[in-house]
Amino acid sequence: MTAKPAKRPVNGVLLLDKPEGLSSNTALQKTRRLYNAEKAGHTGVLDPLATGLLPVCFGEATKFAQYLLDADKAYTATLKLGEASSTGDAEGEIIATARADISLAEFQTACQALTGNIRQVPPMFSALKHEGKPLYEYARKGIVIERKPRDITIYAIDITEFDASKAVIDVRCSKGTYIRTLSEDIAKHIGTFAHLTALRRTETAGFTIRESHTLEALAELNETKRDALLLPCDVLVRHFPKIELNDRAVTMLKCGQRPQFTENISADQPIRVYDRSGTFIGLVEYQKEISRLKALRLMNTAKE
């Protein structure tokens, strides 16, 4: 019996194009096996029905994955008009029907009404937790849990295809937006039903689907070429301000100490720290009242 190769330390970010039919976790594990990586995680869940951009973090990058969860996103969604689904998408049963002879003008008006700052009730078929369990587990048993509306922002809804019973829209939105619910709410504004038949995430945190790679393409590459596709760990936090520190200050941070810092910088968000050679050290917070830096998450550069 041939022994499995030992897992290797891999650090970086891969932009994966998740296929339809796989959960985010299954796609993650398949990618991890291709890289034979010790540690991996993803940044935000896509439903099995959904495809598209899923950043996969390896090794040290997993320390910074949480900072991508708050990022704005973009999707392309295909809506079937005139039919309600038990799950809000094509995986459920059709539970109600209504008029499907909707005009483009009606649809445009509904999209405009739901653009901007709105409140949205998360769907029952979602991974949102209630008493430690995702809501979809309750939904599958026919149990409905009361959900509080959330404040979200729909930056834009662009209609790219339309006929009386089908619409394709490009949506730019804030974190926490459920496109299935948005589709149902658009239809409700018109006085009908809708459910998703396809959903594709096209952007997140400035990354685009054009930069992503499929599992099939990755499988055809050797280890060296696959590794060359990895982005550095700090791409996950590139939206934060950046400072450079001398060797003494970097050493202090690594030892749990708080080096002094007197330059003018905002104290209301994490700060990226680099050493004089340009190596990413990690994230710190600026304690303005004492003019010192406190480590938040640091790279384990001994492994680099």
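Student: What makes K242 count as lying over the face of Y274?

Tutor: The distance from K242 to the ring centre of Y274 is 4.8 Å. A charge sits over a ring if NZ of Lys or CZ of Arg is within 6 Å of the ring centre and within 35 degrees of the ring normal, so K242 over Y274 qualifies. A word on the source: this is a predicted model, where local features need pLDDT of at least 70, side-chain atom pairs count only at pLDDT 80 or more, and totals for chains, interfaces and linings use all residues. Residues are numbered from 1 along each chain as its sequence is written, and side-chain values use heavy atoms, leaving out hydrogens and water.

Student: Why is the pair of Y67 and F240 called edge-to-face?

Tutor: Rings of Phe, Tyr and Trp (its six-membered ring) pair if their centres lie within 6.5 Å; planes under 30 degrees apart are stacked, over 60 edge-to-face, and the rest tilted. For Y67 and F240 the centres are 5.5 Å apart and the planes stand at 90°, so the pair is edge-to-face.

Student: What do the rings of Y67 and F240 tie together?

Tutor: Y67 is in the loop between β3 (51-58) and β4, and F240 in the loop between α6 (223-227) and β14 (242-244), so the pair ties together parts 173 residues apart in sequence. Helices (H or I, at least four residues) and strands (E, at least two) are DSSP runs, numbered from the N terminus.

Student: And why is the pair of Y274 and F280 called tilted?

Tutor: Y274 and F280 are 5.4 Å centre to centre, with 50° between the planes. That angle is neither under 30 nor over 60 degrees, so the pair is tilted.
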